[in-house]
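Let us take a walk through this fold together, starting with the sheet and moving on to the helices around it. Please keep the 3D view open as you read.

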Amino acid sequence: MTSAHSKLYSDDVSLVVVVVDTNPFFWAAAALPFADFFANLVHFVNSLLLLNHLNRVVVIAAGVSSCAYIFDSNDASPSGGVGVMATFDKASRKVEEFIAQDARATAGNSSVASANAASLLSGALSLALCYIQRIFRSGTRHPQPRILCLQGSPDGPEQYVAVMNSIFSAQRSMVPIDSCIVGTQDSAFLQQASYITGGVYLKPQELNGLFQYLAAVFATDLHSRTFLRLPKTLGVDFRASCFCHKKTIDMGYVCSVCLSIFCKNQKKCSTCGIKCAEFAS
């Protein structure tokens, strides 16, 4: 198998896949309006494209019940800003359509609790990795890929397994996952994602200066990061979620065969069917 590093296009050419949290329950109570947040995102994406004409940016919207691609700079005309701005206008309309569609899907899902509804981070990460793998297989030369997650809503413990699978897949493919938290709570999922993949985790203190944070910390390519002192995570929450109730736990029982985690001792592992004698606390 050809390694990712042997196929690099250039040390300062980037492919940035941005995962945007569009959870309406979060943005309804957020200090920063979604319109202002999206405007900052547009400026940030535009700055990435201006840094190098070979840079590519893809934006994925993560809703409560679905996720979708809403912007791909490769679709913009290579002639310059007019094509890019037209694509941004199209992306804005796509965001509005996606939010409306996701709201209809969420309204029909009785299991979603609006108070602590989580965005579909696992699905968005899967889409991002699929896009990157498609670029890997498109030729022998490609930009350096990385993922940037702009997350506001709380983690969904029920997504633990899927999110961790995506994190390890990114690590195997040498794709850093950067995280920018725009909500009030830290994300244990994204703390682990950035730590494991070698990305940057940041929770801005002042959201009114969001663009400055994005441009100063996340716009730099991977080669330039080796010369900069970027923010480091002071602590990482490595707690896992149990497979039985999908809740975050401090201590639990682990199946020695399939490594499934449970908050209570089980007579039989619901994942692989092993008897409780094989469990370890």
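The paragraphs below go through the sheet, then the helix contacts, then a pair of aromatic rings. Bear in mind throughout that this is a predicted model.

A good place to begin is the sheet. It is open and built from six strands, in the order S3-S2-S1-S4-S5-S6, and the pairing is mixed. At its edges stand strand S3 (67-72) and strand S6 (201-202); each has a single partner strand, so one side of each is left without a neighbour in the sheet.

Two of the pairings show what "mixed" looks like here. Strand S1, residues 14-21, runs parallel to strand S2, residues 56-62, and seven bridges join the two. If you would like a spot to look at, find Val17, whose bridge partner in S2 is Val58. On the way to the edge the sense changes: S2 and S3 run antiparallel and are joined by five bridges. Ala62 has Cys67 in S3 as its bridge partner, and the connection from S2 to S3 is a hairpin through four residues. As background, strands of a sheet pair through backbone hydrogen bonds, in either the parallel or the antiparallel sense.

Now turn to what lies on the sheet. Helix H4 (residues 121-136) lies across S1, S2, S3, strand S4 (144-151) and strand S5 (177-181), and its direction makes an angle of about 165° with S4.

Which helix packs with H4 at an angle of about 25°? The partner is helix H5 (residues 160-172), and the two axes are 8 Å apart. An angle under 35 degrees counts as roughly parallel, and H4 and H5 are therefore roughly parallel to each other. Their crossing is left-handed. On the H4 side you will find Leu121, Ser122, Leu125, Ser126 and Leu129, which meet Ala162, Val163, Ser166, Ser169 and Ala170 of H5. Sorted by class, this contact of H4 with H5 holds six nonpolar and four polar residues, with no charged ones.

H5 also leads us on to helix H6 (residues 188-197). The axes of H5 and H6 come within 9 Å and cross at roughly 20°, which makes H5 roughly parallel to H6. The crossing of H5 and H6 is right-handed. From H5, the contact uses Tyr160, Val163, Met164, Ile167, Phe168, Ala170 and Gln171; from H6, it uses Phe189, Gln192, Ala193, Ile196 and Thr197. The contact of H5 with H6 has nine nonpolar residues, three polar ones and no charged ones.

A further helix pair is made by H2 and helix H7 (residues 210-218), whose axes come within 9 Å and cross at roughly 30°. That makes H2 roughly parallel to H7, and H2 passes H7 in a right-handed crossing. Here Phe37, Asn40, His43, Phe44 and Ser47 of H2 meet Leu210, Phe211, Leu214, Ala215 and Phe218 of H7. Divided by class, the residues of the contact of H2 with H7 are seven nonpolar and three polar, and none is charged.

Let us finish with the aromatic rings. How many aromatic pairs does a search of the whole structure find? It finds seven. One of them joins Trp27 and Phe37: the ring centres are 4.7 Å apart and the planes stand at 40°, so the pair is tilted. This pair links distant parts of the chain, with Trp27 in helix H1 (residues 24-27) and Phe37 in helix H2 (residues 34-51), 10 residues apart. Phe37 is a residue you have already met, in the contact of H2 with H7.

Technical notes:
Residues are numbered from 1 along each chain as its sequence is written. This is a predicted model: local features need pLDDT of at least 70, side-chain atom pairs count only at pLDDT 80 or more; totals for chains, interfaces and linings use all residues. Side-chain values use heavy atoms; hydrogens and water are left out. Two strands pair if DSSP finds at least two bridges between them. Contact means heavy atoms within 4.5 Å. Axes are lines fitted to C-alpha atoms, for helices over the stretch in contact, and angles run from 0 to 180 degrees between N-to-C directions. Angles under 35 degrees count as roughly parallel, over 145 as roughly antiparallel, 65 to 115 as roughly perpendicular and the rest as oblique. A crossing is left-handed if the near helix is turned anticlockwise from the far one by less than a right angle, and right-handed if clockwise. Ala, Val, Leu, Ile, Met, Phe, Trp, Tyr, Cys and Pro count as nonpolar, Asp, Glu, Lys and Arg as charged, and the others, Gly among them, as polar. Rings of Phe, Tyr and Trp (its six-membered ring) pair if their centres lie within 6.5 Å; planes under 30 degrees apart count as stacked, over 60 as edge-to-face and the rest as tilted.
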